[in-house]
Amino acid sequence: MSAPILVTGGGGMLAHALGKVFGDEVELVARDLLDITDPSAVTHAVRGRRAVINSAAYTAVDNAESHESDAFAVNARGAENIARACADASVALIHVSTDYVFDGRATHPYSEDSPTGPICAYGRSKLAGERAVVTAHPAGTRILRTAWLYGASGPNLVATMLAKARAGERVSVVTDQVGQPTWTVDVANRIRHVLVAPPGIYHATNAGFCSWWDLAVAVYDSAGADVSLVEKTVAAAFVRPTPRPSYSVLGDEAAHGVGLPAMRPWRDALNDALRTDFAV
Ligand SMILES: NC(=O)c1ccc[n+]([C@@H]2O[C@H](COP(=O)([O-])OP(=O)(O)OC[C@H]3O[C@@H](n4cnc5c(N)ncnc54)[C@H](OP(=O)(O)O)[C@@H]3O)[C@@H](O)[C@H]2O)c1
């Protein structure tokens, strides 16, 4: 019998949901036990596995702008280490990636083969990771791009807005960036299906889209807070080190092509998540 599926970045937000969905089929290995920038440690950890889910990443988007080489070390070369080890040991790899590989200037959903064009260092490092894993392990890699994640563990907008709603705080949230709020548990469930799908790129986001302001209003509303406390603003009003894509909507043609149903609408997922992960 092979060892449990290895989940790298085991202390992270998505890893937490993978643990919940897969139970003892997976082993969550946090960074202090496996640093993916260490090729020999990666080789050792991968041996004997049925599959590896790489959810380790340098995810500090703003920091990446001034520490691009650190982001590349993890998101590109670390990912490559995993793919090489998986190729050598004939182990299937799910590599988690992001909507930030696109430029966010589209007006209709990005498909899996839409041209990429990241507008920030984090996005460039994740795109380099995608290319590296496919080059190192073409026959055994599934890239799963997701976006706007939230869940029980880790900082995310839903958790932040819920805390503010419960405190009755007034907030200003942007209306001019749209995307697909996506529950980590739904991504973990989609990964279960993608594991047995043909190699390739798959998008995994909850269906529909909304602005960050819409999402904040939904959270305030669900929490029974006064939605008039959620004020509208625009991205230009915030000075941030990193530009964010203004349109982050992913199509799911590849998943559809292998017979997977669309993921459920973001509002349905949010309702479930608020109840189960956030005790609303
Ligand atoms: N969050 C989102 O909205 C979002 C959207 C699209 C795609 N994604 C992608 O989804 C995946 C999971 O993200 P997440 O939201 O779960 O992020 P997360 O909570 O930041 O988890 C990432 C984990 O990777 C670990 N890590 C960092 N460097 C590492 C290294 N060198 N070796 C091993 N582990 C390392 C981090 O540990 P430390 O905390 O100790 O650094 C952290 O536990 C990533 O590939 C990310 O790019 C996320």
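**Exercise 1. A short sheet**

Identify the residue that stands opposite Val178 in β13, and then place the strands concerned in their sheet.

*Solution.* The structure is a predicted model.
Step 1. The residue of β13 that stands opposite Val178 is Tyr247.
Step 2. β8, which covers residues 178-179, pairs with β13 over two bridges, and the sense of the pairing is parallel.
Step 3. The open sheet to which they belong has three strands, ordered β11-β8-β13, and its pairing is mixed.
Step 4. β11 (210-211) and β13 (247-248) each have a single partner strand and therefore stand at the edges, with one side of each left without a neighbour in the sheet.

**Exercise 2. A sheet of six strands**

Determine the order of the strands in the open sheet of six, and state which strands stand at the edges.

*Solution.*
Step 1. The order is β2-β1-β3-β4-β5-β10, and the pairing is parallel.
Step 2. β2 (26-29) and β10 (200-203) each have a single partner strand, so one side of each lacks a neighbour in the sheet; these two strands stand at the edges.
Step 3. On average, neighbouring strands of this sheet are turned by 20 degrees against each other, with direction ignored.
Step 4. Within the sheet, β3 (residues 51-54) runs parallel to β4 and is joined to β4 by four bridges.
Step 5. Val52 stands opposite Leu93 in β4.

**Exercise 3. Two packed helices**

Describe how α2 and α4 pack, and classify their orientation.

*Solution.*
Step 1. Two packed helices are described by the angle between their axes and by the distance between the axes.
Step 2. For α2 (residues 39-46) and α4, the angle is about 40 degrees and the axes are 9 Å apart.
Step 3. Angles under 35 degrees count as roughly parallel, and 65 to 115 as roughly perpendicular; α2 and α4 are therefore oblique to each other.
Step 4. The crossing of α2 past α4 is right-handed.
Step 5. On the side of α2, the contact is made by Pro39, Val42, Thr43 and Val46, and on the side of α4 by Asn81, Ile82, Ala85, Cys86 and Ala89.
Step 6. Sorted by class, this contact of α2 with α4 has seven nonpolar residues, two polar residues and no charged residues.

**Exercise 4. The shell around the ligand**

State how many residues surround the ligand, and which are the closest.

*Solution.*
Step 1. The ligand is surrounded by 26 residues, of which the closest are Gly9, Gly12, Leu14, Arg31 and Ala56.
Step 2. At least two residues of the shell are supplied by each of α1 (13-22), α4 (68-89) and β4 (92-98).
Step 3. The shell has twelve nonpolar, eleven polar and three charged residues.

Note on methods
Residues are numbered from 1 along each chain as its sequence is written. This is a predicted model: local features need pLDDT of at least 70, side-chain atom pairs count only at pLDDT 80 or more; totals for chains, interfaces and linings use all residues. A residue is near a molecule or strand if its C-beta atom, placed from the backbone, lies within 6 Å of it. Ala, Val, Leu, Ile, Met, Phe, Trp, Tyr, Cys and Pro count as nonpolar, Asp, Glu, Lys and Arg as charged, and the others, Gly among them, as polar. Axes are lines fitted to C-alpha atoms, for helices over the stretch in contact, and angles run from 0 to 180 degrees between N-to-C directions. Angles under 35 degrees count as roughly parallel, over 145 as roughly antiparallel, 65 to 115 as roughly perpendicular and the rest as oblique. A crossing is left-handed if the near helix is turned anticlockwise from the far one by less than a right angle, and right-handed if clockwise. Two residues are in contact if their C-beta atoms, placed from the backbone, lie within 7 Å. Two strands pair if DSSP finds at least two bridges between them.
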